[in-house]
Amino acid sequence: MVDKKTKRDSAVSEHEAEKKVTINLECCVCRKYISGMVVVQAMGQNWHTEHFVCCACGTKLANQSYYERENNPFCTTCYEEKFCPRCTLCNKPIVDTAVLALGNCWHQGCFKCNNCNEPISDTSFELYREKAVCSDCGKLLRKLKVDTTAF
Ligand SMILES: [Zn+2]
Ligand SMILES: [Zn+2]
Ligand SMILES: [Zn+2]
Ligand SMILES: [Zn+2]
């Protein structure tokens, strides 16, 4: 009797061991299980490495920095091209702080005084004949009261 009980118990535990659940992660793009491959976990979803790509250019984004917009992954280049404001002077995307002046966006180094060509900040420029000048040039120009069309 005792022997029989022990046997049955060990059979049950063996069976359970076989049924050990293997976690299958589903790729949110192709809906196939990701197995034996590196799982990319991003944006709250699981992706095959080859399916986690920039939705604009198809660049693989695993182990890269990426941007998320409306649940679509973008590589940094595409994101900046599409969504960052463009500099009025050089027409390139502004990734870091933009200078907002005169209704336009500028790189910090691209917003320059129209008189001395030194970069100016959005808080310290003045307008002279509807052009941005640095405060030094503004003072100078007002002092000279230049009445020509040369500027
Ligand atoms: Zn996939
Ligand atoms: Zn891209
Ligand atoms: Zn610029
Ligand atoms: Zn100046």
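Among contacts in the protein chain between residues at least 6 apart in sequence, 8% join residues at least 24 apart; two residues are in contact if their C-beta atoms, placed from the backbone, lie within 7 Å. The model is a predicted one, in which local features need pLDDT of at least 70, side-chain atom pairs count only at pLDDT 80 or more, and totals for chains, interfaces and linings use all residues. Residues are numbered from 1 along each chain as its sequence is written, while chains are lettered from A and ligands numbered from 1 in the order in which they are written.

Let us begin with confidence. The score used here, pLDDT, is the predictor's confidence in each residue, from 0 to 100. For the protein chain its mean is 84, and 79% of the residues reach 70 or more. Confidence is lowest in helix 1 (residues 2-18), with a mean of 49, and highest in strand 6 (residues 72-75), at 96. Over residues 17-21 the pLDDT is below 50, and in the model this stretch has 0 contacts beyond near neighbours in sequence.

Next comes the overall layout. The protein chain contains 3 helices and 10 strands; helices (H or I, at least four residues) and strands (E, at least two) are DSSP runs, numbered from the N terminus. Read from that end, the elements follow the order α-β-β-β-β-β-β-α-β-β-β-β-α. The chain has 151 residues, and 18% of them count as buried. A residue is called buried if 20 or more other C-beta atoms lie within 10 Å of its own, exposed if 12 or fewer, and partly exposed in between, with C-beta atoms placed from the backbone.

Now follow the chain to strand 5 (66-69). Strand 5 and strand 6 run antiparallel and are joined by 4 bridges; two strands pair if DSSP finds at least two bridges between them. Within this pair, Arg 69 stands opposite Asn 72 of strand 6. The two strands form a hairpin with 2 residues between them. One residue to look for in the turn is Glu 70, whose phi is positive, at about 50 degrees, although Glu 70 is not a glycine. Is Glu 70 buried or exposed? Glu 70 counts as exposed because it has 6 C-beta neighbours inside 10 Å.

Further along, the loop between helix 2 (76-83) and strand 7 (98-101) holds Lys 92. Lys 92 is partly exposed, because 13 other C-beta atoms lie within 10 Å. Leaving aside neighbours within four places in sequence, Lys 92 is in contact with Arg 86 and Cys 87. Lys 92 and Glu 81 are 11 residues apart along the chain, and their C-alpha atoms are separated by 8.0 Å.

A further hairpin awaits at strand 9 (residues 125-128) and strand 10 (residues 131-134), which pair in the antiparallel sense over 4 bridges. You can trace the pairing from residue to residue: Phe 125 has Cys 134 of strand 10 as its bridge partner, and Tyr 128 stands opposite Lys 131 of strand 10. This hairpin has 2 residues between the strands, and Arg 129 takes a positive phi near 50 degrees. Glu 130, found in the loop between strand 9 and strand 10, has a positive phi of about 65 degrees although it is not a glycine. Glu 130 is exposed because 7 other C-beta atoms lie within 10 Å.

From this hairpin, we can step across to helix 3. Start with Glu 126, which lies in strand 9. Glu 126 counts as partly exposed because it has 17 C-beta neighbours inside 10 Å. Not counting residues up to four places away in sequence, Glu 126 touches Val 133, Ser 135 and Gly 138. Between Glu 126 and Lys 139, 13 residues apart in sequence, the C-alpha to C-alpha distance is 9.0 Å.

The last stop is Cys 137, found in helix 3 (residues 135-144). Cys 137 and Glu 126 are 11 residues apart in sequence and 8.6 Å apart in space, C-alpha to C-alpha. Why does Cys 137 count as buried? The reason is that Cys 137 has 21 C-beta neighbours inside 10 Å. Apart from residues up to four places away in sequence, Cys 137 touches Cys 113, Asn 115 and Cys 116.
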